[in-house]
Amino acid sequence: MARKLIIAANWKMNKGPAETAEFIGSFLPGTEELSQKCDIVIAPPHVSIPAASSLLADSVVALSAQNVSDQDEGAFTGEVATCMLNELGVQYVILGHSERRSIYGESDEFINAKVHKSLTADLRPIFCIGETLEEREGGKLEEVLRRQVSGGLANLTAENMADVVVAYEPVWAIGTGVTATPDQAQEAHAFVRSLLQEQFGSEVAAATRIQYGGSVKPGNSAELMNREDIDGALVGGASLEAASFHELIANAVA
Ligand code: PGA
């Protein structure tokens, strides 16, 4: 089954509203053509979403949040609810990023609650998984991915899965400049797809897009995206500069 590429910019804690507007101004020209072969998504920090939302409104570029609460409203200081993102036209939300797992202690169960909350609100989760170097070297790669997939995607239906994008991001490759080789990435992606097959059946496994993340750059996006089970990228560092993110996507679709 042909899966359309999806490449998303994860800006993390970078770019306020002014820088967001500046980026979008220089990034948009040419995106219409790129979007024929690749869905393009930008995930700014929450406070920059209003600026991004109005500038992206008539464009082919989709808007994502980097996190969302598992609650609807109320006494949850510092949190942002799905309905607030809906109001701003947000379409995707990154969940379970390794920085949220390791720095903020988010568990598979908590991430699963957010996945359910997002789907109920018509937000598409970009659901992140990935092993640390220690886990990989300790022979635990498959065990970790299995736990993250079965826990984070627990109690979802095959229908739900049509709105879920999975991002495989080996923690040792995030922000380090060390990219998994296309072989390493392909191998992990094929394994993740086999887990989706066990959990949801072969149709869902064949249709689900699995992004690779971890030091994706303009110079390596093509060789990664050429692999059978790699359907896009979640990009941190190389998405912060409009020209570099543009080039990364252009090389991926070429
Ligand atoms: P990186 O980050 O591209 O800077 O490695 C990727 C991510 O954390 O999503």
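**Notes on the cavity, the pocket and three helix pairs**

1. By class, the lining of the largest cavity splits into 3 nonpolar, 4 polar and 2 charged residues. Keep in mind while reading that this is a predicted model. The residues doing the lining are G96, H97, S98, R101, C128, I129, G130, E169 and V171. If you want to find the spot by element, look at α5 and β5 (124–129), each of which supplies at least two residues of that lining.

2. How many cavities of 30 Å³ or more does the structure hold? The count is 1. For the largest cavity, the volume comes out at about 40 Å³.

3. Now for the largest pocket, which has about 590 Å³ of space. Its lining takes in 19 residues, and the closest to the pocket centre are K12, M13, Q66, R100 and Y104. Sorted by class, the lining of this pocket has 8 nonpolar, 7 polar and 4 charged residues.

4. Which element gives the largest share of the pocket lining? That is helix α5 (residues 98–103), with 3 residues. You have met α5 already, as it also supplies at least two residues to the lining of the largest cavity. So α5 is worth having on screen for both sites.

5. On to helix packing, beginning with α1 and α3. Helix α1 (residues 17–27) and helix α3 (residues 49–56) have axes that come within 8 Å and cross at roughly 25 degrees. Angles under 35 degrees count as roughly parallel, so that is the label for α1 and α3. The crossing of α1 past α3 is right-handed.

6. What does α1 use to meet α3? On the α1 side there are P17, T20, A21 and I24, and on the α3 side A51, A52, L55 and L56. By class this contact has 7 nonpolar residues, 1 polar and no charged ones.

7. Next, α6 with α8. Helix α6 (residues 108–120) packs with helix α8 (residues 141–152) at an angle of about 40 degrees, and their axes are 8 Å apart. The two are therefore oblique to each other, and their crossing is right-handed. From α6, the contact uses D108, N112 and V115; from α8, R147, Q148, G151 and G152. In class terms, the contact of α6 with α8 has 1 nonpolar, 4 polar and 2 charged residues.

8. Helix α8 has another partner to look at, helix α10 (residues 182–200). Here the packing angle is about 45 degrees and the axes are 10 Å apart. Are α8 and α10 roughly parallel or oblique to each other? Given that angle, they are oblique. Handedness is easy to state: α8 passes α10 in a right-handed crossing.

9. For the residues in that contact, α8 brings E142, L145, R146, V149 and S150, while α10 brings F191, V192, L195, L196, E198 and Q199. By class, the α8 and α10 contact has 6 nonpolar, 2 polar and 3 charged residues.

10. One last thing to check on the model is how α8 divides its residues between these partners. Toward α6 it offers R147, Q148, G151 and G152, whereas toward α10 it offers E142, L145, R146, V149 and S150.

Methods. Residues are numbered from 1 along each chain as its sequence is written. This is a predicted model: local features need pLDDT of at least 70, side-chain atom pairs count only at pLDDT 80 or more; totals for chains, interfaces and linings use all residues. Side-chain values use heavy atoms; hydrogens and water are left out. On a 1 Å grid over the protein atoms alone, a cavity is a set of points where a 1.4 Å probe fits but cannot get out, and a pocket is an open set with protein on both sides within 12 Å along at least five of seven lines; lining residues have an atom within 4 Å of a point. Grid points are joined across faces, edges and corners, and a volume is the space filled by probe spheres set on the points. Helices (H or I, at least four residues) and strands (E, at least two) are DSSP runs, numbered from the N terminus. Ala, Val, Leu, Ile, Met, Phe, Trp, Tyr, Cys and Pro count as nonpolar, Asp, Glu, Lys and Arg as charged, and the others, Gly among them, as polar. Axes are lines fitted to C-alpha atoms, for helices over the stretch in contact, and angles run from 0 to 180 degrees between N-to-C directions. Angles under 35 degrees count as roughly parallel, over 145 as roughly antiparallel, 65 to 115 as roughly perpendicular and the rest as oblique. A crossing is left-handed if the near helix is turned anticlockwise from the far one by less than a right angle, and right-handed if clockwise. Contact means heavy atoms within 4.5 Å.
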